[in-house]
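User: I would like to learn how to read a model like this one, feature by feature. Please give the idea behind each feature and then the case at hand.

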Amino acid sequence: MELHSVLVECNNNNDIYTNSGLQFSQYVLINSNVLTSYLQEHSFNKWFNDIAPGIMHIYPFSSVNEPKLRIVARDADKTSVRSARVVACFICNNILVSSQKYLKDWAVDCDGNQRRETLSLFFILKAASVVQQQTSNDEKKDLNKALNELLIISTSPQFLSIGQEVYIESTPFGNRAFLNSYSQGVVSNIFGEQNSLLLTDCSSTPGSEGSPVYIKTRWKQKFIFAIVISCLNWWKGEWVGLTLAANLVPLLRELIPPCYQNINVLKSNPTFANEELQRKRNLIHKKVRHCSE
């Protein structure tokens, strides 16, 4: 499965809102940031309270009032723009509980536009050109298979550690000219229920929400482990320069039915696992040499 960072645009009353997204298979995973304005106009509180956490909801919007979305992607030097539809949404219970527990009374955005509850809300899009007339059950089966593939290739939390080098592939400021921009840093902290949240000092800007976070290695293969859910650039008028991300493995394990989780994710990514094992061995050898000296 190939993974790509894309730009998602939402046209709401001729105002354009933007967000990054993670494209996997024929789907795009985003957080709720780009749809905040749309949701506020459609009774967000009632809509949010009607969604049971930890359960995937297929076709959450009626075709009459569904949001107008576009997926912008770049392949080599070609940029493609496709209309998209929301095929599913879900609330991650681990992140919901963690945000209430650890981020209580904490405004994560300086302008206050992002509600704490929306950190746990995610949407899955599909290009309108490939949306078929499927029943909700058929769509759910296809989506579960694709999500399980994403789970299989996602890096297990057992290979994550504070101080580990990571990088983000995003679209800063939601500007098409900045598609597939990179910034790098380290894992600053891992916390929350089931280690569902993490902080990194990778630079990010509004529009980077939804972008994939990868572990930096010497291999060309991308080892994904998280997606950005909030850019914590400012807090109480102070520059903090941190990024809040959602750990993919606990998020997906909560969402995908057990019958689809047919591979032990802890043993996935053998290339990365071998590299991580070798790195730890080298550290041990260095400590042994240091002690012997």
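Analyst: Let us begin with the core, keeping in mind that this is a predicted model. The largest nonpolar core has 38 residues, and those touching the most other members are Phe122, Ile124, Leu147 and Leu244. A second core, separate from it, has 25 residues, including Val28, Val34, Ile51 and Ile71.

User: Which residues does isoleucine 124 touch, leaving out those up to four places away in sequence?

Analyst: Isoleucine 124 touches Tyr27, Val28 and Leu29, then Met56, then the run Arg85, Val86, Val87 and Ala88, and also Phe90, Leu143 and Leu147.

User: How should I set that against the whole chain? How many helices and strands are there, and what share of the residues counts as buried?

Analyst: The chain has six helices and 13 strands. Of its 293 residues, 50% count as buried. For contacts, look at the separation along the sequence: among those between residues at least 6 apart, 69% join residues at least 24 apart.

User: Now a strand. How many residues of strand E3 are buried?

Analyst: Strand E3 covers residues 27–31, and five of its five residues are buried. To read a strand, take its two faces in turn. In E3, one side carries Tyr27, Leu29 and Asn31 and the other Val28 and Ile30, and all of these are buried.

User: Which strands does E3 pair with, and in what direction do they run?

Analyst: E3 runs antiparallel to strand E2 (residues 15–24), joined by three bridges. E3 is also antiparallel to strand E7 (residues 121–127), with five bridges between them. Individual partners give the register: glutamine 23 has valine 28 of E3 as its bridge partner, and leucine 29 stands opposite isoleucine 124 in E7. That isoleucine is one of the core residues that touch the most other members.

User: What should I look for in the turn between E2 and E3?

Analyst: Look at the length of the link and at the backbone angles. The hairpin of E2 and E3 has two residues between the strands, and serine 25 takes a positive phi near 55 degrees.

User: Where else is phi positive in a residue other than glycine?

Analyst: Asparagine 180 is one case, with phi near 60 degrees. Asparagine 180 sits in the loop between strand E8 (165–170) and strand E9 (181–191), and at 21% relative accessibility counts as partly exposed, because the buried class stops under 20%. Glutamine 194 is another, with a positive phi of about 55 degrees. Glutamine 194 lies in the loop between E9 and E10 and, at 59% relative accessibility, is exposed.

User: How do I read the burial of a helix?

Analyst: Start with the geometry. An α-helix has 3.6 residues a turn, so residues three or four places apart point the same way. In helix H3 (residues 93–102), the buried residues are Asn94, Ile95, Leu96, Ser98 and Ser99. Among the elements covering them are helix H2 (44–49), strand E6 (78–91), E7, strand E10 (197–200), strand E13 (238–247) and helix H5 (248–255).

User: Polar residues also turn up inside. Is asparagine 148 buried or exposed?

Analyst: Asparagine 148, in helix H4 (residues 136–153), is buried, with a relative accessible area of 7%. Its C-alpha lies 9.7 Å from that of leucine 255, although the two are 107 residues apart in sequence.

User: And asparagine 12?

Analyst: Asparagine 12 belongs to strand E1 and is also buried, with a relative accessible area of 7%. Leaving out residues up to four places away in sequence, asparagine 12 touches Tyr17, Ser37, Tyr38 and Glu41. Its C-alpha is 7.3 Å from that of proline 67, which is 55 residues away along the chain.

User: Last, pockets. What lines the second largest pocket?

Analyst: For a pocket, take the space, then the lining, then its chemistry. The second largest pocket holds about 230 Å³. Its lining has 13 residues, and His4, Ala73, Arg74, Asp75 and Ala76 are nearest the centre. Strand E1 (3–12) and strand E5 (68–75) are the elements giving two or more residues to this lining, with E1 giving the most, four residues. By class, the lining has four nonpolar, five polar and four charged residues.

Conventions. Residues are numbered from 1 along each chain as its sequence is written. This is a predicted model: local features need pLDDT of at least 70, side-chain atom pairs count only at pLDDT 80 or more; totals for chains, interfaces and linings use all residues. Side-chain values use heavy atoms; hydrogens and water are left out. On a 1 Å grid over the protein atoms alone, a cavity is a set of points where a 1.4 Å probe fits but cannot get out, and a pocket is an open set with protein on both sides within 12 Å along at least five of seven lines; lining residues have an atom within 4 Å of a point. Grid points are joined across faces, edges and corners, and a volume is the space filled by probe spheres set on the points. Ala, Val, Leu, Ile, Met, Phe, Trp, Tyr, Cys and Pro count as nonpolar, Asp, Glu, Lys and Arg as charged, and the others, Gly among them, as polar. A nonpolar core is a set of buried Ala, Val, Leu, Ile, Met, Phe, Trp, Tyr and Cys residues joined through side-chain atoms within 4.5 Å. Buried means under 20% relative accessible area, exposed over 50%, partly exposed in between (1.4 Å probe, protein chains only). Contact means heavy atoms within 4.5 Å. Two strands pair if DSSP finds at least two bridges between them.
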